[in-house]
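These are my notebook entries on one structure, written down in the order in which I looked things up.

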Amino acid sequence: MKIKIIIPLVLLVVFLGVSFQKLQDKPVLYIIGDSTVQNGSGKGSDSLWGWGSFMNLYLNTDKIEIQNHAKGGRSSRTFLTEGRWDSIMKTIKKGDYVLMQFGHNDGGELADTLRARGTIKGIGEESKAIYNPIRKVNETVYTYGYYMRKYANEAKSKGAIPIIVSPVPRNKFNPEGKIEKDQYGIWSEEVAKQTGAYFIDLNDMVITKYQEMGSEKVKAFFPKDHTHTNKAGAMLNAELVIKGIKKLKGSELKKYIK
């Protein structure tokens, strides 16, 4: 009688063990960036949303886990110096993915008392020693390209797959009805080539879409300023990110698209 009870229990333990292993093996899509990727807590405060908050609508979360670590106000530098990247590096594993989009906040001052979040312009190896008045520490600040390379290369060192995304454009039409390509969009593509990371030119795709729509229709996406989108604008950007994923040659991330 005892044997009959023990055997099913053993089978149950084995089954649960296998199921847990499968759960552990599920790849994770890490998303890092600024407020255009996740605004606030990611729940639509002030009617503002980032595109990362809607990736679950397009990806099969039964087969891939989505973790949106993007945080408003962060640059490629401060996402690192605040320890946000280090926390990801503790859990990231082979077969995971990292979608990264920075640039909107990198143009700020290097050492002001308001944010101190800027990076040196370009993708070179320049650096500058500063005193950070906010963190109250001496700090060496590098170029935008340096930080982006660090994310891509360190993700690859863990066996994960980095995907660099050029920053979504601001709502800034010129008198001719055109939006100029963002310089950080150009630099992000160059870093992708340097590191062998995948690249999605979201900046270019959104600009093309906005210009097709025209400034009056696009204006409805921006309830507060020229940078942060409402839900409709964020969903449009998310759809274009998915479109970009579909075009990535050799990437298996597309197999998780619904």
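**D96 and its surroundings**

I began with a polar contact in this predicted model: a polar atom of the D96 side chain lies 2.8 Å from the backbone nitrogen of V28. I then looked up where D96 sits, and found it in the loop between α3 (84-89) and β3 (97-101). Is D96 buried or exposed? Its relative accessibility is 0%, so I entered D96 as buried. Leaving aside neighbours within four places in sequence, I listed the contacts of D96 as K26, P27, V28, Y30, T91, A160 and I161.

**Helix α5**

I next checked the length of α5, which runs over residues 183-195: at 1.5 Å a residue its 13 residues should span 18 Å, and the end C-alpha atoms are 19 Å apart, which agrees. The buried residues that I noted in α5 are Y184, G185, W187, S188, V191, A192 and T195. Viewed down the helix axis, these buried residues fall within an arc of 165°, so they line one face of α5. Which elements do the buried residues of α5 pack against? I found α4 (144-157), β6 (161-165) and β7 (198-200).

I also looked at both ends of this helix. At the start of α5, a side-chain oxygen of D182 comes to within 2.6 Å of the backbone nitrogen of Y184, while after the helix comes G196, with a positive phi near 80°.

**Aromatic pairs**

I counted 13 aromatic pairs. One of them joins Y144 and W187, which I recorded as tilted, with 6.4 Å centre to centre and 45° between the planes. This pair links distant parts of the chain, since Y144 belongs to helix α4 and W187 to helix α5, 43 residues apart. Both partners were then checked for burial: Y144 counts as buried because its relative accessibility is 0%, and W187, with a relative accessible area of 13%, is buried as well. Elsewhere I noted a cluster in which ring pairs link F79, W85, F102 and Y151.

**Nonpolar cores**

The largest nonpolar core has 37 residues, of which W51, M55, L99, I200 and L202 touch the most other members. I listed β1 (28-33), β3, β6, α6 (202-213) and α8 (231-246) as the elements that give two or more residues to this core. Which element gives the most? I found that α8 does, with seven residues.

Taking L99 by itself, and not counting residues up to four places away in sequence, I found that it touches L29, Y30, I31, I32, W51, M55, I163, V165, I200 and V241. A second, separate core holds 31 residues, and among them I noted Y30, V98, Y184 and A197.

**Helix α8**

I closed with α8 and repeated the length check: its 16 residues should span 22 Å at 1.5 Å a residue, and the end C-alpha atoms are 23 Å apart, which agrees. I entered its buried residues as G233, A234, L236, N237, A238, L240, V241, I242, G244 and I245, and these pack against β3, β7 and α6. At the start of α8, I found a side-chain oxygen of N230 that reaches to within 3.3 Å of the backbone nitrogen of A232.

Methods. Residues numbered from 1 in each chain as written. Predicted model: local features only at pLDDT ≥ 70, side-chain atom pairs only at ≥ 80, totals over all residues. Heavy atoms only, no water. Helix = DSSP H or I, 4+ residues; strand = E, 2+ residues; numbered from the N terminus. Expected span 1.5 Å × (residues − 1). Buried < 20%, exposed > 50% of the residue type's maximum accessible area, 1.4 Å probe, protein only. Arc of directions from axis to C-beta. Contact = heavy atoms within 4.5 Å. Polar contact = N/O pair within 3.5 Å; in protein donor to acceptor, adjacent residues only side chain to side chain. Core = buried A, V, L, I, M, F, W, Y, C linked by side-chain atoms within 4.5 Å. Phe/Tyr/Trp six-rings, centres within 6.5 Å; stacked < 30°, edge-to-face > 60°.
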